[in-house]
Structures are given as C-alpha cells and as structure tokens.
Amino acid sequence: MANDASTVFDVVILGGGSGGYAAALRAAQLGLQVALIEKNKLGGTCLHQGCIPTKALLHAGEVADQTREAAGFGVKATFEGIDINAVHAYKDGVISGLYKGLQGLVASRKITYVEGEGRLSSPTSVDVNGQRYTGRHVVLATGSVPKSLPGLTIDGDRVISSDHALKLDRVPKSAIVLGGGVIGVEFASVWRSFGAEVTIIEALPHLAPLEDENSSKLLERAFRKRGIKFELGARFAGVEYTETGVRASLENGKQVEAEIMLVAVGRGPVSQGLGYEEAGVAMDRGYVLVDEYLQTNVPTISAVGDLIPTLQLAHVGFAEGILVAERLAGQKVVPIDYDGVPRVTYCNPEVASVGITEAKAKEIYGDDKVVTAKFNLAGNGKSKILKTAGEIKLVQVKDGAVVGVHMVGERMGEQVGEAQLIYNWEALPSEVAQLIHAHPTQNEALGEAHLALAGKPLHNHD
C-alpha cells in the first residue's frame, strides 16, 4: 500500500452519504483539511436509493390520485394510466439536479474527494485505490443496506428490496409488502396510487409500529379506505414461486399471492470487512457503538449515520456529521436529543411526529401525570378544502410542557417544523395558544390543538 506521507488530513471520512458529506462540509467550513471517500455516488442512500427517489414516486402517486379525484373539485380530467418510464425520468431528473449541486458544493469547499472502496487500516488511516489517507481523526459513515430475514433470499426479480423497487420497469398488478414500517407503508402507498393491489404483512400489532398507537390506527383506517390490505400480528413463514408470481405463507396458516414481494424489514449497517474490528472499534450486531458525542471507544475514530444504532433518518445523519465536525474543530457541542428529531412517513396520508408517545410518557411520568388532546382535521378549513382527513394529538405532562406531537393527514410533514420547536423548547400549551396561526392553513390545526389543551378550544368540541 502506497503511503502519501506528504499530507496528513485533519479528518478522513469514510462514506459520502448524509452523515459523511455533512461532516465533510462543516469541517471544511471550519478550516479543517478534509478527505472524503465514497465507493458509489456522493449523497449515498438518501439521494440515490432512499429519501429523494421515494418521495418523487410518492408525489407522482399523489398526482395520479388527484387526477382520478379531480371531478370532486369541479375539474374535468381523465386518468389514463402510469407511464413508468416517464415517472423514472422525472425521479432521476430530481436526483441528477441535486447530485450535481452536491458535487459542486463539495468541490467549492476544497475537500479532497476520493472515489473508491475504502477500508480502515489503522485508527488514523483509510486505504483506498492503493493509496493510504492518513488523518488526525477518522469518521466512519458507511451507511446501511436493505435487510432480509433468515432463509429469505432477495432475488431482485420476484422477491425484491427497496433498491429494486425504485427501478422496477413496470407497475405490478399486485404486490406483497413484507414489513409495515416506514419503507413498507411508503411503497404500499405508491403502488396503490399507481393502481396495484397491495397487501402488507407486519409481525407487530400495528402499521408504523414506532409511532403513537393513535397515529397507527388512523393510518390503518385510511389505508382500508384506500383499499390497501394488511395482515397485522402476522409472522412471515416463507415464500414460494407460483406460475404468475409468489405466494407468501404466514405462521397463522394464511397465504397471500401476488406478482411480486417487497422485503421491507429495515436496513442493516454496512460494516463487515472494512477493518473496524481489527482497529479495535467496539461493535454490536454490526453497528458501531459511540458515546453521546459520537466518539467510539477508539479516541481517534467517530461514527455517524445509519452505521450507528440511532434513528435511521437522513436529517439525523446531517446533525450527527455536523456535531462531529464541530467537536473536532474544538467547538462546544451539545448531544442530540433523538426524541426531539422530527419523524415523517410520507405515505398518503402522511404520519408525522416529534417527541414521545403517550405510552412512553406514561411509562416515564406515570399515568396520572399525562394529559392528551386531539384536534380532528375535520374542523380545519384548509384540510376541508384539500378533502383530507386526519388528526393532531398532543401529549403533555400535567401542568407542564408538551412532550409529544403526533399528526396524521396530507401534508402533515410540512407542519412538523413548528412541532419540533414546541417540543425542543419545552413549550407550555398556553404559550403556543397565544401564537396566532394563519387562516386558512393546515398549520392552524396545530395551534387549535394547543388551544384545546390550554382549555379554550375553538373549532372543536370540548
């Protein structure tokens, strides 16, 4: 391995996804000399196989649904079907524009960008393309890949991962979605909007099982109305090929047939064979373990993003990358409150939340110390105009701050910004109730929920 001894970087970053490139951009901004190594494309999963392409597909699905429902708004329109090649061209155009912008941003910060598969060769170096890149500090940001279940083979044809689903050359007539978490319900939503018959199989009792139970039930109700089927509390037993597709078997004896099956049981860390354990980095089930400042047990090594056991969200990766960069630059940093991170599932309807669930609040504070309030979107003018149903639920510590905001409905992801300020600034319901929200907006539903919690409801029943 050739050793370029002429340059010792302040930080060498292995992985150019959300966490890695955010760390690189912030470190360079703070005057550090940075090397950023990425084996595929800058931007990682979020830009190329995750957030951006899935949301583009979801928007295409939204347009399809709006076209079908146009007559309900007095607009004459005819839905003639999905041109999947044109959908992919639209999606890829969005990705391409963002990718070019990101490449230009990295170049403008004078970051040494290296394309190639890197491997940690010591606590202070990464080897790639026959070259050794040495740094005073190394940041591991190698991300994640779709997981499967023991004995379940993803063949990329009839049994596919989310990566395959993003490039599928047709709209399937029918699909089984194995997993009712974020990835599963988003693809179920897209395919249903495109015209497919969809059945979700989820081993836990509810869809979106990490959300407040009320949000999960509202989502299930909306999915039933849309014709999306689901088997809940149903453990997967196996899958076999049929003449026309696949047949999934459940432990309860039920069987479901479809053209394809999407395996959406989560994502696992990319860490095997990259030299982490040889360098002494502590790990658990493939995840790299870090402290609250994202430093591993090896003082010169930090880790961020999907590689560590925190929320697998791009904006969490951004925040973690920035925190590490600022710490390495000598700035004072504050650990991330992961409960205070906004979470959005972009299906139709959207599910958005920040803070903790009612169940978690009762576990922490006690049943008698937790107060909740709900505001139905039926009482919100803009939601009526949009013909969307849903609800905002607040969780409060009695006589104290709002500790959870849980929202279901179209465009609720756009309301979570104010919700995270309410949670993170420990706002009292009375303080939010004093703020005047614009009318008619969906945003005012958040204000009205706080009016209700403050004891002075306006457009909802006591």
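This passage goes through a pocket, a helix, some salt bridges, an annotated span and one loop residue of a predicted model.

We can start with the empty space. Rolling a probe the size of a water molecule over the atoms shows where empty space is left. The second largest pocket comes out at a volume of about 1200 Å³. Its lining is made up of 37 residues, and those closest to the pocket centre are N348, P349, K387, T388 and E410. Sorted by class, the lining breaks down into 15 charged, 13 nonpolar and nine polar residues. As for where the lining comes from, four helices each put in at least two residues: α3 (51-68), α6 (182-194), α7 (213-226) and α10 (381-386). The top contributor is α3, which brings eight residues to the lining of this pocket.

Next up is helix α1, which runs over residues 18-29 and so has 12 residues. From first C-alpha to last, α1 reaches 16 Å, close to the 16 Å expected at 1.5 Å a residue. Of its 12 residues, 11 are buried, so α1 is largely enclosed by the rest of the structure. The buried set takes in the run from S18, G19 and G20 through Y21, A22, A23, A24 and L25 to R26, A27 and A28. An α-helix has 3.6 residues a turn, so residues three or four places apart point the same way. After α1 comes G31, and its phi is positive, near 90°.

On to the charged contacts: the structure holds 21 salt bridges. One of them pairs E278 with R119, with the closest N and O atoms 3.3 Å apart. This pair links distant parts of the chain, since E278 sits in the loop between β16 (267-269) and β17 (283-284) while R119 belongs to strand β4 (residues 119-122), 159 residues apart. The two partners differ in how much surface they show. E278 has a relative accessibility of 60% and therefore counts as exposed, the cut-off for that being over 50%. R119, with a relative accessible area of 35%, is partly exposed.

A salt bridge also brings together the side chains of K254 and E231, at 3.1 Å from N to O. K254 is in the loop between β13 (246-250) and β14 (255-258), and E231 is in strand β11 (residues 229-232), so the pair ties together parts that are 23 residues apart in sequence. K254 has a relative accessible area of 42%, so it is partly exposed. E240 and R247 form another salt bridge, where the closest N and O atoms are 3.1 Å apart. E240 counts as partly exposed too, because its relative accessibility is 37%. Beyond these pairs there is a network of salt bridges, linking D212, E358, K362 and K393.

Now for the record. An unreviewed UniProt entry annotates residues 341-449 as "domain: Pyridine nucleotide-disulphide oxidoreductase dimerisation". In the model, that span is 32% helix and 28% strand, and its end C-alpha atoms lie 20 Å apart.

Last comes a loop residue, G74, found between α3 and α4 (84-108). With a relative accessibility of 67%, G74 counts as exposed. Measuring sticks aside, G74 and S144 are 70 residues apart in sequence, and their C-alpha atoms are 46 Å apart in space.

Notes
Residues are numbered from 1 along each chain as its sequence is written. This is a predicted model: local features need pLDDT of at least 70, side-chain atom pairs count only at pLDDT 80 or more; totals for chains, interfaces and linings use all residues. Side-chain values use heavy atoms; hydrogens and water are left out. On a 1 Å grid over the protein atoms alone, a cavity is a set of points where a 1.4 Å probe fits but cannot get out, and a pocket is an open set with protein on both sides within 12 Å along at least five of seven lines; lining residues have an atom within 4 Å of a point. Grid points are joined across faces, edges and corners, and a volume is the space filled by probe spheres set on the points. Ala, Val, Leu, Ile, Met, Phe, Trp, Tyr, Cys and Pro count as nonpolar, Asp, Glu, Lys and Arg as charged, and the others, Gly among them, as polar. The expected span of a helix is 1.5 Å times one less than its number of residues. Buried means under 20% relative accessible area, exposed over 50%, partly exposed in between (1.4 Å probe, protein chains only). A salt bridge is a side-chain nitrogen of Lys or Arg within 4 Å of a carboxyl oxygen of Asp or Glu. UniProt positions are given in the numbering used here, feature names are shortened, and annotations may be inferred rather than shown by experiment.
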